[in-house]
Amino acid sequence: MNRHYYISNDLDELECVESELEARGIDTEQIHVLSDKDAEVEKHHLHDVNSFMKQDVVHSGEIGALIGVPLAIAILGGAYLAGWTESAAGWMPFIFLAIIVLGFSIWEGGFFGIQVPNAHFRNLKEKLHEGEHVLFVDVEPGQETELDRVINHHPNLRLAGTGVAAPHWIVAWLHSWHQFKRTI
């Protein structure tokens, strides 16, 4: 999937664009509006970015994992090389210590990520502070033409770039989940 970012200062237009995209087969779960004016986005019934995803928790947690895995391996390797695993306790204390160090590294990375904006949205921060809104759409390659047709009817939307989208399986799962919730 590909992600396309567009900038607009008109939420009415973004509401129209979202409706047109949905009418052309692009699911609601593929369309998001990022804004500093969450109440206004909600008034227009737009699919906004939740506050958790506005922060860099996941990305920073992954970085924490990249630090924690070598530390855990070092603990296990050091215990083996020092001969400490041949004691009556065996490997168990060192395995637990390695798991704790890995978990702490991931937690610390996520904790850091709560304090900073999402890495994918950092270059858009200035536009958000200026009062503009960012529409981003995750599309399959077969949906690119439908997206282009809708966007071409809205000349006030300005392309802000492209990026990597959420994996297809996540979008499909979210769509199924929302369908399930609607039927209940």
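Hi everyone. Let me start with a term: a salt bridge here is a side-chain nitrogen of Lys or Arg within 4 Å of a carboxyl oxygen of Asp or Glu. With that in hand, here is a group to look for: Arg24, Glu146 and Arg149 are linked in a network of salt bridges. Please keep in mind that this is a predicted model.

Before we go back to those residues, let's look at the sheet. How many strands form the sheet, and in what order? There are four, arranged 2-3-1-4 in an open sheet with antiparallel pairing. On the edges sit strand 2, residues 31-34, and strand 4, residues 158-164, and each of these pairs on one side only. On average, neighbouring strands are turned by 25° against each other, ignoring direction.

Let's zoom in on one pairing. Strand 2 meets strand 3, residues 133-139, over four bridges in the antiparallel sense. If you want a spot to click on, valine 33 has leucine 135 of strand 3 as its bridge partner. Packing on this sheet is helix 7, residues 144-152, which touches strand 1 (2-8) and strand 3. The direction of helix 7 makes about 5° with that of strand 1.

Now, back to the charged side chains. The count of salt bridges comes to six, and I'd like to show you three of them.

The first on my tour joins arginine 24 to glutamate 146, with the closest N and O atoms 2.9 Å apart. Where do these two sit along the chain? Arginine 24 is in the loop between helix 1 (11-23) and strand 2, while glutamate 146 is in helix 7, so this pair links distant parts of the chain, 122 residues apart. Arginine 24 itself is partly exposed, at a relative accessible area of 37%.

Next come lysine 54 and aspartate 38, whose side chains meet at 2.7 Å, N to O. Lysine 54 belongs to helix 3 (residues 51-54) and aspartate 38 to helix 2 (residues 38-43), so their salt bridge ties together parts 16 residues apart in sequence. Is lysine 54 buried or exposed? Lysine 54 is buried, because its relative accessible area is 18% and the cut-off for buried is under 20%. Aspartate 38, at 35%, counts as partly exposed.

My last stop is glutamate 40 with lysine 43, a salt bridge at 3.5 Å, N to O. Both are in helix 2, and because they are three residues apart, about one helical turn separates them. Glutamate 40 is partly exposed at 31% relative accessibility, whereas lysine 43 counts as exposed at 59%.

Thanks for listening!

Technical notes: Residues numbered from 1 in each chain as written. Predicted model: local features only at pLDDT ≥ 70, side-chain atom pairs only at ≥ 80, totals over all residues. Heavy atoms only, no water. Pairing = 2+ DSSP bridges. Helix = DSSP H or I, 4+ residues; strand = E, 2+ residues; numbered from the N terminus. Axes fitted to C-alpha atoms, helices over the stretch in contact; angles between N-to-C directions. Contact = heavy atoms within 4.5 Å. Buried < 20%, exposed > 50% of the residue type's maximum accessible area, 1.4 Å probe, protein only.
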